[in-house]
Amino acid sequence: MNKETILVLDFGGQYNQLIARRVRECGVYSEVVPYTVPVEELLARNPSGIIFTGGPNSVYGEDSPRCEKRLLEAGIPVLGICYGSQLIAYLEGGEVKTAPVSEYGHTDMQIDVPDSRLFGDVPQRTFVWMSHTDCIARVPEGYRVTAHTLNCPCAAMENAGKKIYAVQFHPEVMHTKEGRKMLAHFVFDVCGCRGDWRMEDFTRETIESLREKIGSGRVLCALSGGVDSSVAAVLLSRAVGRQLTCVFVDHGLLRKDEGDQVEAVFGPNGPYDLNFIRVNAQDHFYAALAGVTDPEQKRKIIGEEFIRVFEAEAKKIGAVEFLAQGTIYPDVIESGLGKSATIKSHHNVGGLPEHVEFKEIVEPLRMLFKDEVRRVGLELGIPEALVFRQPFPGPGLGIRIIGEVTPEKVRIVQEADAIYREELEKAGAHKNLGQYFAALTNMRSVGVMGDFRTYDYAVALRAVLTSDFMTADAAEIPWEVLKTATTRIVNEVKGVSRCLFDCTAKPPSTIEYE
Ligand code: XMP
């Protein structure tokens with residue numbers, strides 16, 4: 001079926017994923033493609049529209065990324081953003097110059113042509129997000145300026161007849177107040193899309209195409225219990241049932257009861273008809289980590305051991321035709337578009353197994369953003385607790401225990417973390433949090449319990465607000481919740497005599513402890 005598609009032509013900007021994301025929010029499928037894809041190939045996709053992204057270059061630079069002018073002659077609607085807008089001006093014979101004053105951040109913009117299709121019902125004065133040093137100094141013939149700011153005489157221009165639009169600002173970021181509206185105007189009013197991207201279609205079509213691709217072959221899937229690998233596993237199970245084997249490696253660094261929760265969903269008593277193998281490799285991991293204190297070395301060991309354990313299981317199963325991975329779209333984009341897409345090494349823990357024989361990798365979620373994966377998960381009937389699970393790092397509690405990992409420390413952090421999460425959730429204080437967990441510091445301090453002196457560990461409680469996980473703010477947690485959690489932890493968890501709340505933002509801190 002030929003779906004409406006908006007292609008996002010990537011010129012190296014930092015918000016490119018976000019553009020595709022916003023278009024999909026309008027209900028229209030969108031994909032980021034490298035600017036090097038030949039015009040014929042782009043046109044063969046029959047796109048409803050193309051968006052040129054921003055990028056760090058100047059259009060006159062020798063090595064600057066450019067597309068062919070032919071793309072603007074094909075009758076397909078185009079929207080240029082930032083560098084993309086300058087590229088349109090350049091290709092169409094206008095002029096781009098270094099702006100007398102660079103603009104960065106919130107900028108007051110005046111719309112000069114209110115009946116422009118791109119602006120529709122957007123108020124004539126609005127705030128936009130600017131980030132540029134060059135600007136369009138002279139618009140090409142046939143184009144008209146449709147908006148300006150104090151320092152940017154051409155904040156937007158268009159050739160409505162050719163359906164080509166260009167904006168100097170970034171409509172895709174939240175800071176552009178009416179940005180989503182403008183993108184929706186482009187998608188619906190300029191490109192004429194109706195909005196046919198629906199997750200139920202995706203689910204059905206993916207199951208059908210997996211069935212076709214896999215035939216009677218066998219599939220192996222490394223299941224972590226995280227959202228992505230769980231949704232991938234259920235899609236595959238729906239497609240090929242018992243031809244799928246899921247291997248779940250319990251490395252002993254999971255949160256309290258997590259291994260059992262994963263088994264309850266995917267194991268023999270769960271709702272799915274698949275072969276589920278739980279490998280209890282706790283002792284193996286603890287032995288490998290004994291005496292190791294360096295954070296990077298710990299990560300490396302956990303990643304490598306994970307692969308070795310997985311390989312050993314795979315060997316027992318014998319040759320499989322397909323290896324399934326829960327790779328999602330941001331992983332694909334971050335791993336570099338344009339490179340060979342067939343065998344990519346993204347994995348939550350530590351790369352692809354080298355000694356597992358398989359013919360091909362299947363990645364059913366590689367075109368989906370996280371929230372879309374969640375929607376598919378809900379549609380497949382995966383429990384909400386699993387679908388909306390907060391992110392949990394591959395190396396698990398191994399990077400929430402500072403210093404050497406021991407079974408005793410794992411027990412402490414598991415119990416403290418379970419209490420902290422329970423209290424936050426009971427009070428409803430967890431709702432907007434990006435991540436919240438307890439970590440075990442490597443510090444012991446003096447305390448008193450009953451009439452006895454104690455010398456026990458300090459637990460750190462962390463709660464952060466973040467949407468991209470690249471930056472984060474410490475969240476304000478109600479004092480009552482912190483007090484209750486602290487009282488319970490020091491009373492109920494043997495080996496803890498102190499709780500500390502971590503108020504640090506990222507940067508300079510990271511979200512995890514190691
Ligand atoms: P940091 O600690 O770098 O974490 O601020 C940012 C986000 O990434 C997660 N994280 C990891 N996830 N393997 C993962 O799968 C890892 O090694 C890893 N380290 C950090 C972290 O939980 C947070 O969501």
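Two strands are treated as paired if DSSP finds at least two bridges between them. The legends below describe close-up views of a predicted model.

**View 1. The antiparallel pairing of strands S7 and S8.** Strand S8 comprises residues 156-159 and runs antiparallel to S7, to which three bridges join it. Within this pairing, Ala147 stands opposite Ala156 in S8. The connection from S7 to S8 is a hairpin of six residues.

**View 2. The antiparallel pairing of strands S5 and S7.** Strand S5 spans residues 95-111 and strand S7 spans residues 144-149. The two strands run antiparallel and are joined by three bridges. Gln110 is found opposite His148 in S7. S7 is thus shown here with S5, and in View 1 with S8.

**View 3. The surroundings of Asp196, in the loop between helices H4 and H5**. Helix H4 covers residues 179-190, and helix H5 covers residues 199-214. Asp196 is buried yet forms no salt bridge. The nearest side chain of opposite charge belongs to Arg194, 4.4 Å away, whereas a salt bridge requires a side-chain nitrogen of Lys or Arg within 4 Å of a carboxyl oxygen of Asp or Glu. Leaving aside residues up to four places away in sequence, Asp196 touches Lys3, Glu4, Gly27 and Asp201.

**View 4. The division of the chain into domains.** Domain 1 consists of residues 5-190, domain 2 of residues 199-387 and domain 3 of residues 400-502. A distance of 47 Å separates the C-alpha centres of domain 1 and domain 3.

Terms used. Residues numbered from 1 in each chain as written. Predicted model: local features only at pLDDT ≥ 70, side-chain atom pairs only at ≥ 80, totals over all residues. Heavy atoms only, no water. Helix = DSSP H or I, 4+ residues; strand = E, 2+ residues; numbered from the N terminus. Buried < 20%, exposed > 50% of the residue type's maximum accessible area, 1.4 Å probe, protein only. Lys, Arg positive; Asp, Glu negative; His and termini not counted. Contact = heavy atoms within 4.5 Å. Domains from an automatic or database assignment.
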